[in-house]
Amino acid sequence: MKKIGTLLSSMLLIAVLILTGCSSKESGDTKSSGSKGSDTFTVGMEAGYPPFNWTQGDDSNGAVAIQGNAEYAGGYDVQIAKKIADGLGKKLVISKMEWDGLVPALASGKIDAIIAGMSPTEERKKTIDFSDNYYTSHLVMVVKKGSKYENATSIEDFKGARVTAQLNTFHYTVIDQIPGVKKQTATDNFSAMRVALQAGKMDAYVSEKPEAVSATSANDQFKMVEFSDGKGFKTAAEDTQTAVGIPKDSKLTKKINEILKGISEEERTKMMDDAIKQQPAAK
């Protein structure tokens, strides 16, 4: 009987260890925001697309620490991310990465969401899901004051101009709508475009209005060119909307949409106006 009792005790101990190991493994493999026990909501962004998002040296104006370094992320997207994290009851974690790395990072589970001024295009929807849009804008051009394009009223006025836009965005594809344009190589980010424009290497770049307002606020040698109806770029509604990127079939989608509905248009407008004023370059 003693031998049998010892054997049973050993078997029970092994069973407990196996169950404990499985539980630990499952907890470690669960995405941060998907686990009931997790308290983090990890958001990916460039932190280099003001006024939507940027990098700064401190936590002023509600900036959030960037994971893995001593910098902070600020901007409109960060404020939206904070509201979503609060609504989810999670701690916001900002993961800074290149634009091209955002969708792969979300699809692989490295981040929980993309909040980076991203448009919910049909191409992206093949890989990830999107929330309801949290900002809507329209396309403009940024030029240097004093150039022959300063007083342009139509995209046709940019015939012969050297024009660029950000890599892997619909901004770059619409350049083809300009008759006789000298389409330049796409750039990795807006900071590089601003530098190229300032140096005279480009005549203009395509942007959304908030970024253009940001650029002209930061540099008084820049001018934003807007177009009246029928004179500008032809775009689909999805192209000018901005939404939160979410993993396919995630339970977060419904929760995030509920949180976004609670942010009034008046509050969103104020958040964007504040972001434009607070961007580091504007100081």
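Helices and strands are DSSP runs, of at least four and at least two residues respectively, numbered from the N terminus. The exercises below concern a predicted model.

**Exercise 1. Place Pro51 in the chain and decide whether this residue is buried or exposed.**

*Solution.*
Step 1. Begin with the overall count: the protein chain has 10 helices and 13 strands.
Step 2. Locate the residue among these elements. Strand 1 covers 40–45 and strand 2 covers 54–56, and Pro51 lies in the loop between them.
Step 3. Apply the cut-off, by which a residue is buried under 20% relative accessible area. The relative accessible area of Pro51 is 0%, so Pro51 is buried.
Step 4. Set this result beside the whole chain: of its 283 residues, 46% count as buried.

**Exercise 2. Determine which residues Pro51 is in contact with, leaving aside its neighbours within four places in sequence.**

*Solution.*
Step 1. Compare sequence with space for one pair. Pro51 and Tyr76 are 25 residues apart in sequence, yet their C-alpha atoms are 6.2 Å apart.
Step 2. List the contacts. Pro51 is in contact with Gly75 and Tyr76, with Pro210, Glu211 and Ser214, and with Met272, Ala275 and Ile276.
Step 3. Consider the chain as a whole. Among contacts with a separation of 6 or more, 67% are between residues 24 or more positions apart.

**Exercise 3. Describe the largest nonpolar core, and state which helix gives the most to it.**

*Solution.*
Step 1. Recall the general tendency: in soluble globular proteins, nonpolar side chains tend to be buried together.
Step 2. Describe the core. It has 56 residues, and those with the most contacts inside it are Phe41, Tyr76, Ile80, Ile84, Ile114 and Ile115.
Step 3. Identify the helix. Helix 2 (residues 76–88) gives the most to this core, namely seven residues.
Step 4. Examine one member. Not counting residues up to four places away in sequence, Ile84 touches Phe41, Ile115, Val244, Ile256, Ile259 and Leu260.
Step 5. Note a second, separate core of 20 residues, which includes Val143, Phe170, Ile178 and Val181.

**Exercise 4. Characterise the second largest pocket by volume and lining.**

*Solution.*
Step 1. State the volume, which is about 250 Å³.
Step 2. Count the lining residues. There are 16, and Tyr135, Thr136, Ser137, Thr269 and Met272 are the closest to the centre of the pocket.
Step 3. Assign elements. Strand 7 (129–136), helix 7 (209–218) and helix 10 (265–278) each give two or more residues to this lining. Helix 10 gives the most, with six residues.
Step 4. Sort the lining by class: seven residues are nonpolar, five are polar and four are charged.

**Exercise 5. Describe the largest cavity and the residues that line it.**

*Solution.*
Step 1. Count the cavities: the structure holds one of 30 Å³ or more.
Step 2. Give the space in the largest cavity, which is about 80 Å³.
Step 3. Describe its lining of 13 residues, of which Trp99, Gly117, Thr169, His171 and Glu208 lie nearest the centre. By class, five of the lining residues are nonpolar, five are polar and three are charged.

**Exercise 6. Explain why strands 10 and 12 each have one side without a neighbour in the sheet.**

*Solution.*
Step 1. Write down the order. The open sheet has five strands in the order 10-9-11-8-12, with mixed pairing.
Step 2. Read off the edges. Strand 10 (182–183) and strand 12 (222–225) stand there with a single partner strand each, so one side of each is left without a neighbour in the sheet.
Step 3. Examine an inner pair. Strand 9 (residues 162–164) and strand 11 (residues 204–208) pair in the parallel sense over two bridges, and Val163 stands opposite Ala204 in strand 11.

Notes. Residues numbered from 1 in each chain as written. Predicted model: local features only at pLDDT ≥ 70, side-chain atom pairs only at ≥ 80, totals over all residues. Heavy atoms only, no water. 1 Å grid on protein atoms, 1.4 Å probe; cavity = no way out; pocket = protein on both sides within 12 Å on 5 of 7 lines; lining within 4 Å. Points joined across faces, edges and corners; volume = space filled by probe spheres on them. Nonpolar A, V, L, I, M, F, W, Y, C, P; charged D, E, K, R; others polar. Core = buried A, V, L, I, M, F, W, Y, C linked by side-chain atoms within 4.5 Å. Buried < 20%, exposed > 50% of the residue type's maximum accessible area, 1.4 Å probe, protein only. Contact = heavy atoms within 4.5 Å. Pairing = 2+ DSSP bridges.
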